[in-house]
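Visitor: I am new to this structure and should like to understand how its descriptions are justified. May we look at it together?

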Amino acid sequence: MEKGLTVRRIVIAGVLGAIAILLGVTRLGYIPVPTAAGNATILHIPAVIGGIMEGWGVGMIIGLIFGVSSFLNATVPLFKDPLVAILPRLFIGVTAYFTYVGLKNVNQYVAIGVAGFVGSMTNTLLVLGMAVIRGYMAAGVAATVAITSGLPEAIVSVIVTLAVVAAWKKLGSSGKQKSKISGDF
Amino acid sequence: MSAEFELTRNITIGQYLPTGSIVHRLDPRFKLAAFVVLILAIAICNTYVGNVFAIVMCVWLFQVSKIPIHYGISGIKPAIPFIIVLAILQLLFYGGIANGGAVYFEYGFVKITSESIRLVLVSAMRFVEVIFLSSVLTLSTSTTELTHGMERLLGPLQKVKFPVHAFALIITIAIRFVPTFAMEMEKMMKAQASRGADFGTGEWWRIVQRTKDMFPIIIPLFNVALARAEDLILAMEARCYIPGAARTRFAHYTATGKDYVAVGLSVVISVIMLAIPW
């Protein structure tokens, strides 16, 4: 894999970042769940997909865009704290990428699915962990939220990640690199 | 029903209110720095008087930048139910954790202390302050100015090989594509609805149903976005764009006295906020 930010990585990070912002501002990225957190979110999925497709650096940048946009759009006081809204989100794409790389030799589909799950759980656990540390939630409340909205989030994340990444990588077919010239550089 | 599909109308990103005030005319680099200092101070400050002082300062900022305060208040309104629910939960369950202070009420695991009341009130005030501050910042600065300002502020990071220019470009692409994707999404929703799909009409407790409703939108959205990304990559490579190459810039900023005063003022306000002992 090439080092640094290529044109491809810059553009993919930007475009997936745009989706993260869009899902947030249109509220389509939220699935209403009756818990203290209010919503299960699918906003972290672009970060997971970016991480799997283009490496941990891209995943981290999309996570940052997601974090900042959730910080600016927050309606829950919890996410008006940059330490809760931004910091944990940086790691979503990173864990997803390493999970994918670790498992990709076993089976592509399994690797993508598990990476989707791990990325989503990273978001849930780190955000709630930070919320407990910063004193917005009691540990018991956080554990309930993790189960009631974290698990559905993770399942949705697995489905969407699999559908998008598998289609993009054209698993099963001869799977050539999509870009016409990037590969030559 | 048709309102469900009008996504582009609700997007306030890049919402900019050109009143031409002194806050609008500040150098974006200095403006960003000043806001970062203030937000950090708000995140740390946990005294009553300090936070009241911060709210007064935010209201004053609205006045100086000639932005009607209802823009800030409209950001708070949707959050009021959350604030109340969270406040009640914190009040009931926090006594055990937020130690210290006088105990006002104790029954079983419910314990209300002066510290837990402080926690509830301060976090509510903090929320109002941050909404006000971010509204002033985004309403008085265009997105182009914001990205330029950010790029220049991060400039020193280039020394440690952080790709500042590429990063600013990513942010610009992201902001640029939000309305485009909103339009794409609108098209897809209409296409699916004309085939008889329902969006968001299921009862809120039918979580599985509502989640399933989303898939025919979300998955094609990603595919459309990635296809557009391929086109953009091709276009940029065809124009010989090389990440990290030295290039000149169109927008030049020169700091003047008022920019230094603004940053200085934000530091002074932050220090006062943190120094107030109650």
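Visitor: What makes the pair B:Lys190 and B:Glu186 a salt bridge?

Guide: In this predicted model, the closest N and O atoms of B:Lys190 and B:Glu186 are 2 atoms of the required kinds, 3.7 Å apart. The cut-off is within 4 Å, so the pair counts as a salt bridge. Both residues lie in helix H8 (residues 164-194) of chain B, 4 residues apart, about one turn of the helix.

Visitor: Why is B:Lys190 called partly exposed?

Guide: The relative accessibility of B:Lys190 is 45%. Partly exposed covers what lies between under 20% and over 50%, so B:Lys190 belongs there.

Visitor: Is B:Glu186 buried or exposed?

Guide: B:Glu186 has 11% relative accessibility. Buried means under 20%, and therefore B:Glu186 counts as buried.

Visitor: Which residues are joined into one network by salt bridges that share partners?

Guide: The network consists of A:Arg8, A:Arg9, A:Glu54 and B:Glu230. Within it, the side chains of A:Glu54 and A:Arg8 meet at 3.7 Å, N to O. This pair links distant parts of the chain, with A:Glu54 in helix H2 and A:Arg8 in helix H1 of chain A, 46 residues apart.

Visitor: How do you know that A:Glu54 counts as buried?

Guide: A:Glu54 has a relative accessibility of 10%. The limit is under 20%, so A:Glu54 is buried. A:Arg8 also has a relative accessible area of 10% and is therefore buried.

Visitor: What makes the contact of B:Glu230 with A:Arg8 a salt bridge?

Guide: Their side chains meet at 2.9 Å, N to O. That value is within 4 Å, so the term applies. The count between chain A and chain B is 1 salt bridge, and the structure holds 6 over all chains.

Visitor: Which part of chain A gives the most to the side that touches chain B?

Guide: Helix H1 of chain A does, with 16 residues. By class, this side of chain A has 46 nonpolar, 9 polar and 5 charged residues.

Visitor: How much area do chain A and chain B bury between them?

Guide: They bury about 5400 Å², 84% of it on carbon and sulfur atoms. A:Val7, A:Ile10 and A:Leu22 supply 11% of the area that chain A buries against chain B, more than any other three residues. The contact takes 60 residues from chain A and 58 residues from chain B.

Conventions:
Residues are numbered from 1 along each chain as its sequence is written. Chains are lettered from A and ligands numbered from 1 in the order in which they are written. This is a predicted model: local features need pLDDT of at least 70, side-chain atom pairs count only at pLDDT 80 or more; totals for chains, interfaces and linings use all residues. Side-chain values use heavy atoms; hydrogens and water are left out. Contact means heavy atoms within 4.5 Å. Buried area is the accessible area (1.4 Å probe) that two parts lose on being put together, summed over both. Helices (H or I, at least four residues) and strands (E, at least two) are DSSP runs, numbered from the N terminus. Ala, Val, Leu, Ile, Met, Phe, Trp, Tyr, Cys and Pro count as nonpolar, Asp, Glu, Lys and Arg as charged, and the others, Gly among them, as polar. Buried means under 20% relative accessible area, exposed over 50%, partly exposed in between (1.4 Å probe, protein chains only).
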